[in-house]
Amino acid sequence: DNATKKATFENTTAKNTRREFAIPAFTQDALSAVYVMRALPLKVGAKETIPVATGGRSYRAQVTVAGMEAVKTPAGPFQSFRLRTMLYTDDGQPNGRPIHLWISDTPDRVPVQVQSELAVGSFHLTLREAKLPQ
């Protein structure tokens, strides 16, 4: 609830938990943050900070346009901006590992690839199909 600057985190497991916590103005969830990144004025070297709430906590996502890369996907080839996103706690400490997101250099700004290292391995998501406006 951006109006009250509060978010509610609910974990529905054997022990249902629900808690409310304070968030800065314009805070996004993780998926909404991708939409915000697509709308940024992308230019190699540019940096932006987006407030993000995930897992019941509030973070600052530092987004850096790290470069341009050609990405081949099952949906086709895309010239793409490579964004490096790192989450930081309120006291400026990094949280987790960076997430890399490739967004097409087209008017549609299609997310074509996501990659990150995890404590247990890594994940790599690639666009398989896209229905773009003609």
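How do the residues lining the largest cavity divide into nonpolar, polar and charged? I looked this up before anything else, and the lining holds six nonpolar, one polar and two charged residues. I note here that the model is predicted.

**Entry: the cavity**

I searched the whole structure for cavities of 30 Å³ or more and got one. Its volume comes to about 40 Å³. I listed the lining as Leu40, Pro41, Leu42, Ala46, Lys47, Glu48, Val63, Thr64 and Val65. Strands S3 and S4 are the elements that give two or more residues to this lining. S4 has the largest share, with three residues.

**Entry: overall layout**

I then stepped back to the protein as a whole. I counted one helix and eight strands. Read from the N terminus, the order is β-β-α-β-β-β-β-β-β. I took the extent of the C-alpha trace along its principal axes and got about 45 × 35 × 30 Å.

The protein has 134 residues, and 31% of them are buried. I put the accessible surface at about 8700 Å², with 52% of it belonging to carbon and sulfur atoms. For contacts with a separation of 6 or more, I find that 35% join residues 24 or more positions apart.

**Entry: the nonpolar cores**

Which residues of the largest nonpolar core touch the most other members? I find Met37, Leu42, Ile50, Val63, Leu83, Leu101 and Ile103, out of 16 residues in that core. Five elements each supply at least two residues to this core: helix H1 (30-39) and strands S3 (47-54), S4 (57-73), S5 (76-88) and S6 (94-104). S4 gives the most, with four residues. I also noted another core apart from this one, made of six residues, including Val71, Phe78, Trp102 and Val110.

I followed Val63 further, as a core residue that also lines the cavity. Leaving out neighbours within four places in sequence, I list its contacts as Met37, Leu40, Ala46, Lys47, Glu48, Ile50, Leu83, Arg84 and Thr85. Among these contacts, Leu40, Ala46, Lys47 and Glu48 are also in the cavity lining.

**Entry: the largest pocket**

I turned to the open space next. The largest pocket holds about 360 Å³. I count 16 lining residues, and those nearest the centre are Ala30, Val34, Met37, Ile99 and Val114. Met37 had already come up in the largest nonpolar core.

Which element gives the most to the lining of this pocket? I find that H1 does, with six residues. H1, S3, S5, S6 and strand S7 (111-118) each supply at least two residues of the lining. By residue class, I get 14 nonpolar, two polar and no charged.

**Entry: His100**

Is His100 buried or exposed? I looked up its relative accessible area, which is 19%; the cut-off for buried is under 20%, so His100 counts as buried. I place His100 in strand S6. Setting aside neighbours within four places in sequence, I find His100 in contact with Arg82, Leu83 and Arg84, and also with Gln113, Val114 and Gln115. Of these, Val114 is one of the residues nearest the pocket centre, and Leu83 belongs to the largest nonpolar core.

**Entry: Tyr59**

I place Tyr59 in strand S4. Its relative accessibility is 8%, and it is therefore buried, since the cut-off is under 20%. Not counting residues up to four places away in sequence, I record that Tyr59 touches Ile50, Pro51, Val52, Thr54, Leu87, Tyr88, Thr89 and Asn95. Ile50 is also listed in the largest nonpolar core.

I checked one distance from this residue: Tyr59 and Asn11 are 48 residues apart along the chain, and their C-alpha atoms are separated by 19 Å.

**Entry: Glu129**

Where does Glu129 lie? I find it in the segment after strand S8 (121-126). Its relative accessible area is 55%, and exposed means over 50%, so Glu129 is exposed. I also took its distance to Pro74: the two are 55 residues apart in sequence and 6.8 Å apart in space, C-alpha to C-alpha.

Technical notes: Residues are numbered from 1 along each chain as its sequence is written. This is a predicted model: local features need pLDDT of at least 70, side-chain atom pairs count only at pLDDT 80 or more; totals for chains, interfaces and linings use all residues. Side-chain values use heavy atoms; hydrogens and water are left out. A nonpolar core is a set of buried Ala, Val, Leu, Ile, Met, Phe, Trp, Tyr and Cys residues joined through side-chain atoms within 4.5 Å. Buried means under 20% relative accessible area, exposed over 50%, partly exposed in between (1.4 Å probe, protein chains only). Contact means heavy atoms within 4.5 Å. On a 1 Å grid over the protein atoms alone, a cavity is a set of points where a 1.4 Å probe fits but cannot get out, and a pocket is an open set with protein on both sides within 12 Å along at least five of seven lines; lining residues have an atom within 4 Å of a point. Grid points are joined across faces, edges and corners, and a volume is the space filled by probe spheres set on the points. Ala, Val, Leu, Ile, Met, Phe, Trp, Tyr, Cys and Pro count as nonpolar, Asp, Glu, Lys and Arg as charged, and the others, Gly among them, as polar. Accessible areas come from the Shrake-Rupley method with a 1.4 Å probe; for residues, only the protein chains shown count as cover.
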